[in-house]
Structure formats: structure tokens, C-alpha cells
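Here are some questions about how the labels attached to a structure are justified. Each answer sets a value against its cut-off.

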Amino acid sequence: MNCTRQIAPDLYWVGASDRRLALFENAYPIPRGISYNAYLALDEKTVLLDTVDQAVSCQFFENLEHLLGSRSLDYVIVNHMEPDHCAALRELVLRYPDVQIVGNAKTQAMIGQFFDADLSRNFLCVKEGDTLCSGRRAYTFVMAPMVHWPETMVTYETSEKILFSADAFGTFGALNGNLFADEVDFARDWLDDARRYYTNIVGKYGVQVQSLLKKAAGLEIRLLCPLHGPIWRENIGWFVEKYQRWGTWTPEERGVLIAYGSVYGHTQNAAEILASGLAEKGVRNIAMYDVSGIHPSYLVSEAFRFSHLVLASSTYNNGIFTPMETFLLDLRAHALQNRTVALIENGTWAPQSGRLMREILASMKEISVLEETVSLKSSVKEPQRQALLAMAAALAADLSGNQQ
Ligand code: FEO
């Protein structure tokens, strides 16, 4: 049965949610599921904006058929060719053979790559600034290359000032009836998933996100329609401000993320002593994680949130403890920058992890690493406890803006 909702005059959400998928992109845990948003405008011409993932295509086609009734589908605007949004495109053309597929030159090339069918007869190629009129509405196309694929574009509907923003402003999490961000407590229930979505999926491409935000700044936006998660019609600036921070790798909060990789608990002990020292110095915003017990996507997200990081790692196979190495390489892959980092290493006969973590951090931009690594041989003794308290004092001073 269809399950649609009107979101503006003659404009409908026709997407669907998936609560069965364990890993988005077969990589990121999504315990709260995911939504694939698609939108249908019933104007003089009918216009669909994007399709959905294969897994929810039955629901999508029920929604679409219900709203179209006996009408045909005139256009499908393809803002993004990743299969979580375009997998249903081939079947869409089989069902509506005269539909015009609206995309840019890169979209067209990718259609040829993904599908064993010649859809060129259906393709309408657009470029930056082109406009498609459907009657009462007009759609202007804005290229957004590498946010986060090269063909990505966003579509601005000029009569009602609606931005269809592709993956930008999307979030993990299935929609639970309430489609609008103002119908839920977004800051409480969605922001962490929105940050984890942004940082892991788009985070590497902050420069390109900035370009898109600059273009969007020239537009009045009354409705913001992403391809995942809630739709925005109130307080849009609050969410845009989050994107401005994330896109410039600006910390969202001043505070300390402590991530430790500990084999037998001694490195954890060092992290706990450091955290206590920070608390004694008045630091209140501290988060601590065992890197072995949490998916790195959560850690990457937290690293984007906090201004200061402490990485504490055992030495393993003469290298960095594997889950910590994975986390660090993930931070580098997502181009994390503009952070202060302190290091703690452990090794029973040859501590190496501090030097190796420092090498990875040195290959990243705008990362300031405290000069002193606290080095343990097996466990914390009094000199290391003192060194950890000194590290806590240095971090607390840096957090409060004091010079050492
Ligand atoms: Fe939601 Fe880049 O696909």
C-alpha cells in the first residue's frame, strides 16, 4: 500500500525507509535505519526528483503509481547517481518509457556504466544554471561536484524556493512518520547521526561542500529536501551552520576526545588517569572510547566534534594497535585538520606506537601534536602518572586558551 505525504502544494515525499540494512554502503552501522527520500511534483508536467535504493523500490513504485494515477511521468531529475538513489532508474524507464531523465554529462556517463541499457533516447542533458519549466514550477540546476561524487548536482525550485540538496544535509536514521526536522527533536535525537553521516560519507570533501554552501548562500531557501533523513522548513540556518563547521573542519565543541587501544587494561588505566586529571583541571566536556569496542565511524564523527584529541595505544606487532591504526588512517582519509592531539604509548619491550601515530599525524594538515608523548612500559608507574597529569594540565590550559 502507498505511504506518501504532501510536503508543499502539489509536492509529495514518495521515498521509503529501510530498517533491515545493517551496514550502509556495506561499511557503516545504521542501528536506526536509513531513509531514501524521493519527491514527486504534480504540475502541468509531472516531475520526480531522484529514485531510491533497490531494497525499498517496491514501496517507492507503489507511492509513485498511487500519486500519478492515470498520468504519465514526464521527468525524473537525477541529482545523484549513487545506487542508493538511482537503483530504481532502469525499472522507472521500463514503467514510464517516455520519461525524460534530467542530469548532467557526468550523470549520463554513469547511467551507461551502471545499466546494461541504452537510455540515451530518454536523456536530457543540463548544465549549471539551466532551468526546466514544468508549468507553475521551474527547476534550476546547480552543479555540486564531489559532494561527494563528481556528477552530483542540486536542484532549486524557484517558485517556492525549495532546494533539493542531494546527499547534502542528509542523515542516517529511518523516518518514523514525522518527515520534518521541526516535527522531531533533531538536536537531541538526530544530530549525532547527521554528523556521523556527514563526516564519514562526505567529510573528506569539505572544500567542495564550502563551494556548494557559497552557491546556496545566494538562494532563499524555504524548504530543504535532502535525499536522506528529515526535511527542513524551519531553522534551516542552524543546520547550515553545522555544515559550515564540518566543511571547514572547525571543531563543533571545545572538549577532549580520548580514544584508547588497550590489550590488557594498562593503556586504558593511563587514559582514565588523564581523564581524571582533565576533570580536576575543570574540563567538563570529555568523551572516552575504547577503540576496540566501537565502529570507527563513530570515532571519526566524534573527532570532527571535539577540538582536542588524546590517542592512547598499545604497541602491537611492532606497530600501532590495529583498531587505533584503523581509526587514525580513517581520520587522515577524511582529511581531519585543525586539531590539537596528545599521545600516549605503551609497549612492554619496545614501545613504538607513539612514534608511529606521530608519523601519521605529521602527514595530515593543521594538526598540532603535543611535544611530549607519555610512554609506558607495560603499566603506569608514578613517573608516568605525573606525566599524565602534566599532559592533562597542558590540554586544559590549551582548551582555556592559555599559553604554556
Ligand atoms: Fe545517498 Fe551518495 O548517496
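Q: Which residues point one way from strand 21, and which the other way?
A: Arg 339, Val 341, Leu 343 and Glu 345 point one way, while Thr 340, Ala 342, Ile 344 and Asn 346 point the other way. In a regular strand the side chains alternate between the two faces of the sheet. The model is predicted, so local features need pLDDT of at least 70, side-chain atom pairs count only at pLDDT 80 or more, and totals for chains, interfaces and linings use all residues. Residues are numbered from 1 along each chain as its sequence is written, and side-chain values use heavy atoms, with hydrogens and water left out.

Q: Why is strand 21 called largely enclosed?
A: Buried means under 20% relative accessible area, exposed means over 50%, and partly exposed is in between (1.4 Å probe, protein chains only). Eight of the eight residues of strand 21 (residues 339-346) are buried, so the rest of the structure largely encloses this strand. Strands are DSSP runs of E with at least two residues, and helices are runs of H or I with at least four, both numbered from the N terminus.

Q: What makes strand 19 and strand 21 a pair?
A: Two strands pair if DSSP finds at least two bridges between them. Strand 19 (residues 306-316) and strand 21 have seven bridges, in the parallel sense. In one of them, Val 310 is partnered with Ala 342 of strand 21.

Q: Which sense of pairing does strand 21 have with strand 22, and with strand 23?
A: Strand 22 (residues 367-369) pairs with strand 21 in the parallel sense over three bridges, and Arg 339 stands opposite Ile 367 there. Strand 23 (residues 374-376) also pairs with strand 21 in the parallel sense over three bridges, with Val 374 as the bridge partner of Ile 344.

Q: What do strand 21, helix 12 and strand 22 make?
A: With helix 12 (residues 353-362), the two strands make a right-handed β-α-β unit. A crossover is right-handed if, with the strands pointing away from the viewer, the path from the first strand over the helix to the second runs clockwise.

Q: How do you know that Arg 5 and Glu 183 meet in a salt bridge?
A: The rule asks for a side-chain nitrogen of Lys or Arg within 4 Å of a carboxyl oxygen of Asp or Glu. For Arg 5 and Glu 183 the N to O value is 2.5 Å, and the pair counts as a salt bridge. Arg 5 lies in strand 1 (residues 5-8) and Glu 183 in the loop between strand 15 (162-164) and helix 5, so the pair ties together parts that are 178 residues apart in sequence. By this rule the count comes to 24 salt bridges.

Q: Why is Glu 160 called buried and Arg 136 partly exposed?
A: Glu 160 has a relative accessible area of 18%, so it counts as buried; Arg 136, at 42%, counts as partly exposed. The two form a salt bridge, with the closest N and O atoms 3.1 Å apart.

Q: Where is Asp 50, and what does its side chain reach?
A: Asp 50 sits in the loop between strand 8 (46-49) and helix 1 (57-68). Its side chain reaches the backbone nitrogen of Asn 79 at 2.9 Å, a polar contact being a pair of N or O atoms within 3.5 Å; within protein, one must be able to donate a hydrogen and the other to accept it, and residues adjacent in sequence count only if both atoms are side-chain atoms.
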